[in-house]
Amino acid sequence: MKKIKLLVASLTISLMASVFVGCGNKSANGAYEGQADGKHGAIKVQVQVDNNNIKDIKVIETNENEVLSEPVFTKLKNTMVCNNSSNVDAISGSTETSKGYINAVQDALKKAGVKIEGNKKYSVEHMKEEKTEQEYDVVVIGSGGAGFGAALEAKNAGSSVVILEKMPSIGGNTLISGAEMNAPNNWVQKKLGINDSIEKYYEDTVKGGDNKGVPNMIKELANNAENAAEWLKDFVNVEFIEDQLFQFGGHSVKRALIPKGHTGEEMMTKYKLKADEMQIPVKLETEVTDLIVEDGRVTGVKAKNTAGQDLTFKAKNGVIIATGGFGSNVEMRKKYNPEYDEKYMTTDTPGTTGDGIVMAEKAGAKLMNMEYIQTYPICNPKTGVISLVADSRFDGAILVNQEGNRFVEELQRRDVISKAILNQTNKCGYVLWNDDIENISKTINTHKDEYAMLEKQGLLHKADTLEDAAKFFNIDESQLKKTVEKVNTFAKNGKDEDFNHRGKLVSLEKGPYYIEKAVPSIHHTMGGIVIDEKSRVLDVNNKVIPGLYAAGEVTGVIHGTNRLGGNAITDITVFGRVAGESASNKE
Ligand code: ADP
């Protein structure tokens, strides 16, 4: 999420002086500012009006995710300018961002004192494909990390390649994730003097998923993780933080690389830039509906776009499914595990609906571990969105309940913490930390927008004292103090006698404190398509389905019952790359 600030304020004031409102037929000229809330807070626009015509719209301040929102803003602007109306439909999949933009423009027009549009509502026009049938060597479905990794490697191997994406913008869950990536023996570990090994990482991952992952595939993951991280850094140009690593729950050492900005925005922006440089077309709002199977071989896909065209993309060598999981598809969640019904919100993007799994199964693919669905323990109780500010937990923040007690080891696996939270009063937990922890994790400074949003929603509070922290959320004050005193002693002695914290507890003697309310929300679906070490899709008899490959969250072989933090990016990068290479060598 990036702030765009243009130095237009003074210009606006002078132009606004030229507004004149006539009687009856009002006329306005000049620049007007308007503001409304989008998904991540205020969107501020400047609308240039010329004789009652909308001439131009500029976004002058926004906290929306830049990669996601830029195409949305551009499309809405073009539709408004073209039709001289702000009465425009929101873009599906980006409804809140669209509404924020539309309302901000309408706010500006209101300030101009003129009603430019009539009652007609306009839809955003979509680009039409010149050819409804196209042919490539490799067709990639989905534009998250797995899809881009696959496409880049397919192109590197000499294939012509296209990426098809059903949403109006790229990125999928990869974009909105923290995007940390586990890689044993990585360059930051070496700098920090942390001892790790491929074997340790393999064991942590197998154990983290309760032995339900496929061992030889986890070996593949562990063996190729470091190389995949180097490739992201050196080929895709992803910038990682050079002096900090995360130790997510279930890992025996700090091994997760952190991308600049602590979100997937850095990764997806760099992927898109690289794909542009390599001339890989990305077709947005193009939903793949079917795989084409001829004589037992997958030879392409059927798709439809929002311009209403039915399209065929032939694949000379192979089709790669990289459509992500099914966290946003409540019916599908209930089909495979009735526990995960409507009572759960989700951290996922709306495109995460399991399409690739359904299409692959129809083509004979084997599925596994479909019942294992992961909740992320620390999410916004109002929206279900994952909280990255609370990543302070990885550096010593504690979790307490309404009664002021700790109730779980803070670096336990996500499923264990989630279940523990749901067993507490009000089915929620509170993350508590101070500046001694914040100075290590720097999460507030990194996620300023989320911090401001949580404060505004009354879900995060900065308190000078523990009394104040407890009062804000109606937590038992004296018990909270006792809990913190114990934590301070454990921190001093280097041993957590209550929950055996595997990282480091930090003394919470000094305020100010940060306290945040959190609930679990659906985050990752571990199950999916069965692939082999070449990312080839297997059928129910474990035979390769010719022409079909898959990578990323859509597959079900790595994570078993529970994905460890930082393992999604490793999974999508390692097997996305393998899929791109394999699909380029027609078998
Ligand atoms: P991964 O982490 O495995 O790369 P992501 O969730 O990041 O998965 O990305 C998956 C992408 O696939 C999302 O952008 C999603 O919108 C897209 N997608 C899902 N189903 C389809 C479909 N039927 N056609 C085209 N794109 C799809």
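Is threonine 561 buried or exposed? In this predicted model, threonine 561 counts as buried, because its relative accessibility is 16% and the cut-off for buried is under 20%. As for where to look, threonine 561 sits in a loop, the one that links strand S21 (544-550) with helix H18 (567-584). Leaving aside residues up to four places away in sequence, threonine 561 is in touch with Gly208, Gly209, Asp210, Lys212, Tyr372, Arg413 and Met526.

Helix H18, at the far end of that loop, has a helix to pack against. The axes of H18 and helix H4 (residues 145-156) come within 7 Å and cross at roughly 40°, and the crossing is right-handed. On the H4 side, the residues that take part are Gly145, Ala146, Gly149, Ala150, Glu153 and Ala154. They meet Ile572, Gly576, Arg577, Gly580, Glu581 and Ser584 of H18. Sorted by character, the residues of this contact come out as four nonpolar, five polar and three charged.

Now for the sheets. One open sheet has three strands in the order S1-S2-S3, and the pairing is antiparallel. Strand S1 (30-38) and strand S3 (53-62) are at the edges with a single partner strand each, so one side of each has no neighbour in the sheet. On average, neighbouring strands here are turned by 25° against each other, direction ignored. Strand S2 (residues 41-50) and S3 run antiparallel and are joined by eight bridges. To pick out a residue pair, valine 45 has valine 59 in S3 as its bridge partner. A helix also lies on this sheet: helix H3 (residues 95-112) packs there and touches S1, S2 and S3. The direction of H3 makes about 145° with that of S1.

Another open sheet is built from three strands as well, this time in the order S6-S8-S7, again with antiparallel pairing. Which strands stand at the edges? They are strand S6 (181-182) and strand S7 (240-246); each has a single partner strand, so one side of each is left without a neighbour in the sheet. S7 pairs with strand S8 (residues 256-259) in the antiparallel sense, over three bridges. Within this part of the model, leucine 245 stands opposite leucine 257 in S8.

Note on methods:
Residues numbered from 1 in each chain as written. Predicted model: local features only at pLDDT ≥ 70, side-chain atom pairs only at ≥ 80, totals over all residues. Heavy atoms only, no water. Pairing = 2+ DSSP bridges. Helix = DSSP H or I, 4+ residues; strand = E, 2+ residues; numbered from the N terminus. Buried < 20%, exposed > 50% of the residue type's maximum accessible area, 1.4 Å probe, protein only. Contact = heavy atoms within 4.5 Å. Axes fitted to C-alpha atoms, helices over the stretch in contact; angles between N-to-C directions. Left-handed = near helix turned anticlockwise from the far one by under 90°. Nonpolar A, V, L, I, M, F, W, Y, C, P; charged D, E, K, R; others polar.
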